[in-house]
Amino acid sequence: MKTKILGFFLAASLITAASCSDDDSSDDNGNNSREVRYEVTGTFTGTLDLAYTTANGSPFLEEISTLPWTEEFTALPATQGVTITATGAGEPGETITLKIFVGGEEVASANGVANGSGIVSAATLPYVFPN
C-alpha cells in the first residue's frame, strides 16, 4: 500500500511542479506566508498511511493510528508547493478530512469515506507558493 501512496504522492508533486508559472505569482488574498500546517481529522479508527511534502519539498511517508493529527513547519524558499494524501483500512463509513493551512488560512482540503471494505483514500490538490 505504501508503494501506491508514494506513487500517487509523486504524481501530485509533479502536478505541483508543472503548475508553477509567472501567472501564479500570488494567491487571491496575497498570502505570502510559508508557515504550513497539515491537519487530518475524522471518525477513522484504523491505520492511515500519510504522504506529504516536508519543509524542504521532499516527500515523507508516515503511518498514524490516532486522529486528530497535525504537522507544522516553515517551508524553505526552494519548496515550490505542498500536498498531502492519506490511505488506510478501517471500518466501513468512517471518515477522514485532510486540510492544508498556509499562514493560518485554509488553502486546500479533501474528504474521504471508507468503502464497504473499510478502505479510505483522500488527496488534496497541491498548493503552490506564490513567487
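In this predicted model, the charged end of Arg34 is placed over the ring of Phe129, 4.1 Å from the ring's centre. Phe129 is itself buried, as is Tyr127. These two aromatic residues also form a pair, which is among the five aromatic pairs counted in the structure. The ring centres of Tyr127 and Phe129 lie 5.5 Å apart with their planes at 90 degrees, so the arrangement is edge-to-face.

A second arginine is placed over an aromatic ring elsewhere in the model: Arg37 lies over the face of Phe101, at 4.1 Å from the ring centre. The side chain of Arg37 also meets that of Glu39 in a salt bridge, with an N to O distance of 3.0 Å. Arg37 has a relative accessible area of 25% and is therefore partly exposed, whereas Glu39, at 19% relative accessibility, counts as buried because the limit for that class is under 20%.

The structure holds two salt bridges. Besides the bridge of Arg37 and Glu39, there is one between Glu106 and Lys99, whose closest N and O atoms are 3.7 Å apart. Glu106 is partly exposed, with a relative accessible area of 37%, and Lys99 is likewise partly exposed, with a value of 26%.

Attention now turns to the interior. In soluble globular proteins, nonpolar side chains tend to be buried together. The largest nonpolar core of this model comprises 25 residues, and Val36, Tyr38 and Leu48 have the most contacts inside it. At least two residues of this core come from each of strand 1 (35-42), strand 2 (47-53), strand 4 (69-74), strand 6 (84-89), strand 7 (95-102), strand 8 (105-113) and strand 9 (119-123). Strand 7 supplies the largest share, four residues.

Leu48 illustrates how these contacts are distributed along the chain. Leaving aside residues up to four places away in sequence, Leu48 touches Val40, Ile64, Leu67, Ala86, Ile96 and Val120, among others. Glu62, Glu63, Thr87 and Gly88 are also among the residues that Leu48 contacts.

Tyr38, named above for its contacts within the core, also belongs to an aromatic cluster with Tyr52, Phe60, Trp69 and Phe73. Within this cluster, how are the rings of Tyr52 and Phe60 arranged? Their centres are 5.6 Å apart and their planes stand at 55 degrees, so the pair is classed as tilted. Tyr52 is buried, at a relative accessible area of 3%, while Phe60, at 39%, counts as partly exposed.

Note on methods
Residues are numbered from 1 along each chain as its sequence is written. This is a predicted model: local features need pLDDT of at least 70, side-chain atom pairs count only at pLDDT 80 or more; totals for chains, interfaces and linings use all residues. Side-chain values use heavy atoms; hydrogens and water are left out. A nonpolar core is a set of buried Ala, Val, Leu, Ile, Met, Phe, Trp, Tyr and Cys residues joined through side-chain atoms within 4.5 Å. Buried means under 20% relative accessible area, exposed over 50%, partly exposed in between (1.4 Å probe, protein chains only). Contact means heavy atoms within 4.5 Å. A salt bridge is a side-chain nitrogen of Lys or Arg within 4 Å of a carboxyl oxygen of Asp or Glu. Rings of Phe, Tyr and Trp (its six-membered ring) pair if their centres lie within 6.5 Å; planes under 30 degrees apart count as stacked, over 60 as edge-to-face and the rest as tilted. A charge sits over a ring if NZ of Lys or CZ of Arg is within 6 Å of the ring centre and within 35 degrees of the ring normal.
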